[in-house]
Amino acid sequence: MSNTTTWRTVLNEAVAKVGDVDGRRLVEQASGYDGAEVVLHLDEIPTQRSLAYFDVMLARRIAGEPLQYVLGRWGFRSLDLMVDPRVLIPRPETEEVAGAAIAEARRLGASTVVDLGTGAGGIALSMAVELPGVEVWATDVSADAIEVARANLAGIGRAATRVQLRVGSWYEALPDDLRGRIDVIAANPPYVPDTAQLPPDVADWEPDVALYATNKGTDHAAVVIDGAPSWLARPGALVMEHAAWMGEEMVERALAAGFDEAAFHHDMTERERYIVARIG
């Protein structure tokens, strides 16, 4: 592009190559102007550094890399999370799971909550920000994921002092003195059957360890449900995301594990998405 190229020209190129939404997000990122603000600056001439940044991002997106990884950030409830291929891309349905966990914590007057399999930290950090004074523990089997969560932890201010991050598999990552005093356990375990064929923008980029599970996608969910009663206070609650075909099976498993009540809930697309199980 020439040295008289404006952001309007850049935006038109981006939209032509990757579509309206992605094109606008790339221009916002490269220009530093967010949302409607970018419209006010479309006739400005970008710096060479900004143009070079845009060109790199556009090439990555054209090559198939998910927009969220190209941008390096994505929104989750009130948070702006750093994301990269070490963690799953935050999704709107998981925001609903976080909301349900926060609602259970408020109902119980929680003092201690846990997010198992935290990834980029969306659920855990949302609980820390939206539940003042509550102690939050977040775990992940992936040390790389915990590094991302730790980077995001730095962005939530004083609430970060109430968050503990631990590497390990499910409950094994928790200190034993938490047993019996956790008010709410939230989890988004891997639940894609290991035989499933996912779209390339997921299968080729997002971490396998956070996606796939054996036993038709239920093995990690079973560990979370079966272990929860021994870690929960009385009363306590488990909120867990699951695949759209798992609702009834997860409810039955929760009741068999000792929960007094359990129900699955639908997400905004009307798919079965998470269970809330209560005990005590």
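Glutamate 270 is exposed, with a relative accessible area of 60%. Keep in mind that this is a predicted model. Glutamate 270 sits in the loop between β10 (261-266) and β11 (272-279). Its backbone is worth a look too: phi of glutamate 270 is near 70°, a positive value in a residue other than glycine.

**Other backbone and surface spots**

Arginine 77 also has a positive phi without being a glycine, with a value near 50°. You'll find arginine 77 in the loop between β1 (73-76) and β2 (79-82). Is arginine 77 buried, partly exposed or exposed? Its relative accessibility is 34%, so arginine 77 counts as partly exposed.

Then there's a cis peptide bond, which joins arginine 234 to proline 235 with omega at about 0°. Proline 235 belongs to strand β9 (residues 232-241).

Another proline, proline 200, lies in helix α8 (residues 200-203). Its relative accessibility comes to 55%, so proline 200 counts as exposed. Which glycine is 8.2 Å from proline 200, C-alpha to C-alpha? It's glycine 64, and the two are 136 residues apart in sequence.

Glycine 180 is in the loop between β5 (163-167) and β6 (182-187). With 38% relative accessibility, glycine 180 counts as partly exposed. Setting aside neighbours within four places in sequence, glycine 180 touches Ser230, Trp231, Leu232 and Ala233. Glycine 99 is another story: its C-alpha is separated from that of glycine 180 by 23 Å, with their positions 81 residues apart along the chain.

**How the helices pack**

Here are three helix pairs side by side.

| Helix pair | Crossing angle | Axis separation |
|---|---|---|
| α1 (residues 7-18) and α2 (residues 20-31) | roughly 140° | within 7 Å |
| α5 (residues 92-108) and α6 (residues 122-130) | roughly 40° | within 10 Å |
| α10 (residues 219-231) and α11 (residues 247-257) | about 30° | 9 Å |

Take α10 and α11 to start with: they pack at an angle of about 30°. That makes α10 roughly parallel to α11, because angles under 35 degrees count that way. The crossing of α10 past α11 is right-handed. On the α10 side, the contact uses Ala221, Ala222, Ile225, Asp226 and Pro229, and these meet Met250, Arg253, Ala254 and Ala257 in α11. Sorted by class, that contact has seven nonpolar residues, two charged ones and no polar ones.

Next up are α5 and α6, whose axes cross at roughly 40°. These two helices are therefore oblique to each other. α5 passes α6 in a right-handed crossing. Thr94, Val97, Ala98, Ala101, Ile102 and Arg106 make the contact from α5, while α6 supplies Ile123, Ser126, Met127 and Glu130. That contact of α5 with α6 divides into six nonpolar, two polar and two charged residues.

Towards the start of the numbering, α1 and α2 cross at roughly 140°, with axes that come within 7 Å. Here too the crossing, α1 past α2, is right-handed. From α1, Trp7, Val10, Leu11, Ala14, Val15 and Val18 take part; their partners in α2 are Asp20, Asp22, Gly23, Arg24, Leu26, Val27, Ala30 and Ser31. The α1 with α2 contact has nine nonpolar residues, two polar and three charged.

**The nonpolar cores**

Which residues touch the most other members of the largest nonpolar core? They are Val113, Met127, Ile156 and Val163, out of 42 residues in that core. As for who contributes, helix α5 gives the most to this core, with seven residues.

Met127 ties this back to the helix packing, as one of the α6 residues in the contact with α5. What does methionine 127 contact, leaving aside its neighbours within four places in sequence? The list is Ala101, Ile102, Val113, Val114, Asp115, Val136 and Ala186. Among these, Ala101 and Ile102 are α5 residues from the α5 and α6 contact, and Val113 is another of the residues that touch the most other core members.

Apart from this core lies another one, of 29 residues, which includes Trp170, Tyr171, Ala243 and Val251.

Terms used. Residues are numbered from 1 along each chain as its sequence is written. This is a predicted model: local features need pLDDT of at least 70, side-chain atom pairs count only at pLDDT 80 or more; totals for chains, interfaces and linings use all residues. Side-chain values use heavy atoms; hydrogens and water are left out. Axes are lines fitted to C-alpha atoms, for helices over the stretch in contact, and angles run from 0 to 180 degrees between N-to-C directions. Helices (H or I, at least four residues) and strands (E, at least two) are DSSP runs, numbered from the N terminus. Angles under 35 degrees count as roughly parallel, over 145 as roughly antiparallel, 65 to 115 as roughly perpendicular and the rest as oblique. A crossing is left-handed if the near helix is turned anticlockwise from the far one by less than a right angle, and right-handed if clockwise. Contact means heavy atoms within 4.5 Å. Ala, Val, Leu, Ile, Met, Phe, Trp, Tyr, Cys and Pro count as nonpolar, Asp, Glu, Lys and Arg as charged, and the others, Gly among them, as polar. A nonpolar core is a set of buried Ala, Val, Leu, Ile, Met, Phe, Trp, Tyr and Cys residues joined through side-chain atoms within 4.5 Å. Buried means under 20% relative accessible area, exposed over 50%, partly exposed in between (1.4 Å probe, protein chains only).
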